[in-house]
Amino acid sequence: MASKDEQEIVQNSMTEDDPNGNSSLVIEQKAPRWGPQHAGAKELASLYTGGKRLQEIICLVISICLMLFNFTHLCLHFQLENWIVVLGAALLGILSADFLSGLVHWGADTWGSVELPVLGKNFIRPFREHHIDPTAITRHDFVETNGDNFAVTIPSLLSMAYRFLTSSPEQIQDNYCWESYVFLLAMFVSMTNQFHKWSHTYFGLPRYITIFQDLHIILPRRHHRIHHVAPHETYFCITTGWLNYPLEKLRFWTLLESVIEYVSGYKPRADDFKWAQKSD
């Protein structure tokens, strides 16, 4: 939980100075607890297919084209008095993206199985791999890192483009606040996993990225490290992480898990534990 002290975090999470070294604090370690040599990590990495990559490339291209189209129309219809609207939309977009990142992250971390049809290998697999090889994301290129996040923005961006094409200038002005919010939310959602990747990149980041992390404008490295304390049951928000502390204080995820377990009988993170316990 978030209340763990620094020593507990160091002992039970990936170390910053030796990301896949599994910590020198572990004595007589027979198999790696995490990293690319972990049996589960190797099997999960092998499930990333050419078809999945093609889907990611297509979604990236479509999403980026829609972003450019919508951004152009937002600029064309911008009026100076709208600046406060854009500022408010940006703040709401960040908060919404942070909460949605937590909700999706929590859902995929906690429930489901890699064996599920369609969703398992394509969506849940990366979450399982990430817990037993946290730095795998730093070895993924832009496509593999961000393809799924860009994909989920396509419906809202497509709907937004349709409204720009079919609405009058007056209607666009009337809805400018909403359109700004939708666009900025899509932007923050699409970049969430890139922020997440940077939170696991301990060396070689551009200085401006580390400044953003230090100012907690994007997900900081030390902040996200709390999530990687087994059994990965807290601090799920990964856009900025702003909502992690208040949601933790409200016991939001714990209460949701209790309700779902009571209703369904399913144990949270059962599939996650299964992959973590794999050995050669």
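The expected span of a helix is 1.5 Å times one less than its number of residues. I keep that rule at hand for these entries. The model I am reading is predicted.

**Entry: length of α5**

I took helix α5, residues 119–132, and checked its span. At 1.5 Å a residue, its 14 residues should cover 20 Å. I looked up the end C-alpha atoms and found them 20 Å apart, so the expected value and the model agree.

**Entry: bend and burial in α5**

Next I looked along the axis. α5 bends by about 45° at Arg125. A proline, Pro126, follows within four residues. Which residues of α5 are buried? I listed Gly120, Ile124, Arg125, Phe127, Arg128, Glu129, His130, His131 and Ile132. Arg125, where the helix bends, is thus on the buried list too.

**Entry: the loop after α5**

I moved on to Thr135, which lies in the loop between α5 and α6 (142–152). Buried or exposed? Thr135 has a relative accessible area of 4%. The cut-off for buried is under 20%, so Thr135 counts as buried. I also checked its distance to Lys197. The two are 62 residues apart in sequence, yet 8.4 Å apart in space, C-alpha to C-alpha.

**Entry: α6**

How many residues of α6 are buried? I noted eight of its 11, so this helix is mostly covered by the definition of buried. The eight are Val143, Glu144, Thr145, Asn146, Gly147, Asn149, Phe150 and Ala151. I then asked what they pack against. The partners are α3, α5, α7 (154–166) and α9.

**Entry: α3 against α9**

Two of those partners, α3 and α9, also meet each other. Two packed helices are described by the angle between their axes and the distance between the axes. I looked up both values. The axes of α3 (residues 50–76) and α9 (residues 176–199) come within 11 Å and cross at roughly 145°. The crossing is left-handed. On the α3 side, the contact is made by Met67, Asn70, Phe71 and Leu74. On the α9 side, I wrote down Tyr176, Glu179, Ser180, Phe183, Ala186, Met187 and Ser190. I sorted the contact residues by type: seven are nonpolar, three polar and one charged.

**Entry: the whole chain**

Last, I looked at the protein chain overall. Its secondary structure comes to 14 helices and zero strands. Of its 280 residues, 46% count as buried. I also looked at contacts between residues at least 6 apart in sequence. Of these, 70% join residues at least 24 apart.

Key:
Residues are numbered from 1 along each chain as its sequence is written. This is a predicted model: local features need pLDDT of at least 70, side-chain atom pairs count only at pLDDT 80 or more; totals for chains, interfaces and linings use all residues. Side-chain values use heavy atoms; hydrogens and water are left out. Axes are lines fitted to C-alpha atoms, for helices over the stretch in contact, and angles run from 0 to 180 degrees between N-to-C directions. Helices (H or I, at least four residues) and strands (E, at least two) are DSSP runs, numbered from the N terminus. A crossing is left-handed if the near helix is turned anticlockwise from the far one by less than a right angle, and right-handed if clockwise. Contact means heavy atoms within 4.5 Å. Ala, Val, Leu, Ile, Met, Phe, Trp, Tyr, Cys and Pro count as nonpolar, Asp, Glu, Lys and Arg as charged, and the others, Gly among them, as polar. The bend at a residue is the angle between axes fitted to the seven residues ending there and the seven starting there. Buried means under 20% relative accessible area, exposed over 50%, partly exposed in between (1.4 Å probe, protein chains only).
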